[in-house]
Amino acid sequence: METLITLLVGVLVSTATYLLLSKNLIRIVLGTAILSHAVHLLLMTMGGLKGGSVPILDDGTETYTDALPQALILTAIVIGFAVTAFFLVLVYRTYQSVGTDNLNEMRGSKDE
Amino acid sequence: MNNILVFPMVIPIIAGVSLLFFRSYPSIQRWSSFISLLVVFFISIGSLEAIRRNGIMRLDFGGWAPPYGITFVGDSFAMLLVSTASLVSALCVLYAAFAGDKKREGAFQYPFMLLLVAGVNGAFLTGDLFNLFVCFEIMLLASYGLMTLGGEKKQLTEGIKYVLINILSSWFFLLGIAYIYGTLGTLNLAQLSQRIAEAGQPPMLTTISILFLVVFSLKAGLVLYFWLPGSYSVLPTAISALFAALLTKVGVYALIRTFTLLFYHEPGITHTIIGWMALITLVGGSIGVIAFVDIRKVAAYNVVVAIGFILVGLAANNEIGIQGSIYYLVHDIVIKALIFLLIGTIIYLTGIYRLDRMSGLITNYPLLGWIFLLAALSLGGVPPFSGFVGKLMVGQGSITAGQYFLAFAAFASSLFVLYSVIRIFLNMFWGQPMVGKLKQVHLPFGMMVPLIFLAVITTALGFGMNALTPYVADASNVLMNPEIYIEGALENE
C-alpha cells in the first residue's frame with residue numbers, strides 16, 4: 001500500500017512540475033494546488049498507512065494508527081487552501097490590470 | 001508563569017484581528033498597532049532578563065507535556081531576536097503612521113503588519129518543527145498581503161513571483177518534515193536533537209538536513225536570493241523596511257537553530273556547504289551592491305551581503321563565531337530597517353531612484369543627511385557603531401576555525417558595502433543642491449522620529465555592547481551545548 005501511494009505521489013509531483021513550468025498563470029496555480037496535495041499524501045504515507053485501529057484507548061486492541069500525521073495534514077490542507085485562494089485572486093487581479101496571463105509578457109520593467 | 005511566552009505572538013494577533021473592525025479610523029489603527037508592538041517589546045525584554053536568571057522558559061499548550069503537545073521554548077537567542085524584531089517593527093509602524101498612505105491604511109495595512117510580526121515572533125519561539133512551518137506560513141501570508149497591497153502593476157507581477165517562490169519553498173519544507181517524521185517519529189525540536197544524537201546522524205539524516213538547508217536558504221536569501229531584490233524594491237517604504245529587517249532573518253534564525261541543535265554531527269559536510277554558500281552569497285551580493293545605480297536595488301543587495309556575513313559565523317561553528325553571528329543578527333535587524341527607511345524617505349522627498357540624478361540633499365535636509373552617514377558607517381562595521389563587534393567576532397571565529405578565505409571574503413564584502421552606501425551619500429547628499437530651499441518637499445518631523453530612534457539604537461548598541469554581552473553569551477552557550485536546550489525543553493518539573 002505504501003509503495004502504491006508513493007508512486008501516486010510521484011505521478012502528482014511530475015504533473016505539478018509540468019504545470020508549474022508552463023507560461024500560463026492558471027496552470028501554475030493548478031500546479032501549486034496539485035503539488036501541495038502530493039506532499040499531504042506523502043506526509044500521511046510517512047506516518048505508516050495500515051498501522052492498526054482507531055487511536056482511541058479500548059480493550060482488545062493492541063496497535064493504533066498514528067494520529068499525528070493526520071493532524072499535520074489537516075493543518076497543511078487549511079494553509080494550502082488559504083494560499084491557493086490568495087494566489088487565484090492575485091492572478092485574476094494581475095490579469096485585470098496587466099491584461100495578460102502569460103508570464104513571459106510580465107517580466108522585468110521598461111527602465112531596466 | 002511561563003504563559004508570558006505566548007504574548008509576543010498573541011498580542012499582535014489579537015490587536016491585528018480587532019483592528020479589522022476599525023477600518024475607517026486610521027488613527028486608531030496607527031496608534032493601537034504601535035502601542036501593542038511596544039508592549040510586546042517590553043514583555044520580551046522582561047522575559048529576556050528572566051531567562052538569563054532562571055534558564056530556558058517553556059510553555060506547554062493545553063498542559064500537554066512535551067514531546068506530545070506543542071511547546072514554545074524561549075531561550076536567550078530566540079528572545080533576543082523577538083525583542084529586537086518587536087522594537088524595530090514598532091518603529092516601522094511609527095514611520096508608516098506618519099507617512100500616512102491613505103490607500104493602504106484603508107486596505108488593512110496595519111493588521112497585516114501585526115500578523116507578520118506575530119508569525120515572525122512565533123517562528124522564533126516555537127519548539128516544534130511543524131509549528132515552525134505554521135508560523136512561517138502566517139508570516140508569509142501576511143507578507144503576500146503586504147506585498148500586493150495597493151495593487152500597482154509592478155507590485156502584482158513581482159508579487160506573483162514572490163508568492164510562487166515561497167509556495168515552492170514551503171512545499172520543500174513540508175517534504176522535509178514528512179521525511180524527518182518518517183525516519184525519527186517526532187517533530188519536537190529537542191526530542192529530534194536527542195534522537196539524531198543517538199543515531200549519530202547517518203547519511204540519510206544528513207541528506208534531509210540538506211533539504212532543510214535549501215528551504216531555509218530560500219527564505220533567508222542565502223545563494224537563492226534571486227527573488228529578493230526585485231520584490232523588495234517595489235514595496236512602499238515602511239513595509240520594505242519591515243521585510244528587510246525581519247523576513248530574511250527568520251530564515252537565518254531557522255538555519256542557525258537547525259544546524260546547531262539538530263544537524264551538528266557532520267560539520268564536515270553540512271557546515272562546509274554552508275560556508276561555500278555564504279561565500280557565493282557574499283560575492284554575489286557584493287557585485288550587486290556596486291552594480292546598480294537604483295538605490296532601492298543597492299539597499300536590497302545589502303540585505304543579501306549581510307545574510308552571507310551572518311552565516312560565515314555559523315560555518316565557523318565555534319562559540320566565538322556564533323556569538324559574532326548573534327551580535328550581527330541583532331545589529332542587522334536594526335540597521336536594515338534604518339537603511340530602507342532612509343532610502344524610502346529620499347525617494348519620497350525627491351521622487352528619484354537613481355543615485356546619479358540627485359545631489360546636494362544635505363543642504364535641504366541636514367538631519368537626514370547626517371543620519372544617512374551614520375547608518376552608512378554602521379552598516380560598514382566602522383566602530384563605534386553596532387556593526388563592529390559582530391564583524392570582529394565573526395572574523396575571529398572564522399580565523400579560529402582556519403577558514404581564512406571565508407574571513408577574507410567577509411571583510412572584503414564589508415568594504416563593498418561601505419563603498420556602496422558612501423557612494424549614495426557622496427552622490428545624493430553632497431555637491432550642488434538641485435532643489436532650492438523654497439521648492440523643496442516638506443519633510444514632516446514625525447517621519448524623522450523613527451529614523452532618529454533607529455540611529456540612536458545603533459549608536460547606543462555600539463557604545464553599550466557590554467549591556468548585551470551577558471544575553472549573547474547565554475544564547476551562544478545554549479546554541480553550542482544542545483543538551484541545555486534539550487533539558488529546558490523536555491524536562492518536567
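1. Is B:Arg53 buried or exposed? With a relative accessible area of 61%, B:Arg53 is exposed, because anything over 50% gets that label. Keep this residue in mind, as it comes back below. One caution before going on: you're looking at a predicted model.

2. How far should you trust the prediction? For chain B, the mean pLDDT is 92, and 100% of the residues reach 70 or more. For the complex, the predictor gives an ipTM of 0.92, along with a pTM of 0.94.

3. Now back to B:Arg53. Its salt-bridge partner is B:Glu49, and the closest N and O atoms are 3.4 Å apart. Both residues sit in helix α2 of chain B, and because they are 4 residues apart there, about one helical turn separates them. The two ends of this pair have different labels: B:Arg53 is exposed at 61%, while B:Glu49 is buried at 18%. If 18% sounds like a lot for a buried residue, remember that the label applies to anything under 20%.

4. Here's a pair that reaches across the chain. B:Glu152 makes a salt bridge with B:Arg104, with 3.3 Å between the closest N and O atoms. B:Glu152 is in the loop between α6 (129-148) and α7 (153-184) of chain B, and B:Arg104 is in helix α4 (residues 102-105), so the salt bridge ties together parts that are 48 residues apart in sequence. On the accessibility side, B:Glu152 is partly exposed at 38%, whereas B:Arg104 counts as buried at 5%.

5. Next, look at helix α14 (residues 319-350) of chain B. B:Lys336 and B:Asp332 both lie in this helix, 4 residues apart, or about one turn. They form a salt bridge whose closest N and O atoms are 2.9 Å apart. Where do these two charged residues sit, buried or exposed? B:Lys336 counts as buried at 1%, and B:Asp332 is buried too, with a relative accessible area of 0%. A different set of salt bridges shares partners, joining B:Glu49, B:Arg52 and B:Arg53 into one network. Over all chains, the salt bridges come to 12.

6. Don't go hunting for disulfides: the structure holds 0 of them over all chains. As a reminder, a disulfide is a covalent bond between the sulfur atoms of two cysteines. Two cysteines you can look up are B:Cys92, which is buried at 0% relative accessible area, and B:Cys135, which also counts as buried, at 2%.

7. Strands are worth a look as well. In chain B, strand β1 (residues 57-60) pairs with β2 in the antiparallel sense over 4 bridges. If you want a spot to zoom in on, B:Leu59 stands opposite B:Phe72 in β2. In a regular strand, side chains alternate between the two faces of the sheet. Strand β2 (residues 71-74) has both faces covered: B:Thr71 and B:Val73 are buried on one side, and B:Phe72 and B:Gly74 are buried on the other.

8. Last, the surface. Which residues make the nonpolar patch of about 580 Å²? They are B:Val17, B:Leu20, B:Phe21, B:Phe22, B:Tyr25 and B:Ile28. One of them, B:Leu20, lies in the loop between α1 (7-19) and α2 (26-54) of chain B. At a relative accessible area of 40%, B:Leu20 is partly exposed, so this residue clears the patch cut-off of over 30%.

Technical notes: Residues numbered from 1 in each chain as written. Chains lettered and ligands numbered in written order. Predicted model: local features only at pLDDT ≥ 70, side-chain atom pairs only at ≥ 80, totals over all residues. Heavy atoms only, no water. Patch = residues over 30% accessible without salt bridge, like charges linked within 9 Å, V, L, I, M, F, W, Y side chains within 5 Å. Areas by Shrake-Rupley, 256 points an atom, 1.4 Å probe, with all protein chains shown as cover. Salt bridge = Lys/Arg side-chain N within 4 Å of Asp/Glu carboxyl O. Helix = DSSP H or I, 4+ residues; strand = E, 2+ residues; numbered from the N terminus. Buried < 20%, exposed > 50% of the residue type's maximum accessible area, 1.4 Å probe, protein only. Disulfide = S-S within 2.5 Å. pLDDT = per-residue confidence, 0-100. Pairing = 2+ DSSP bridges.
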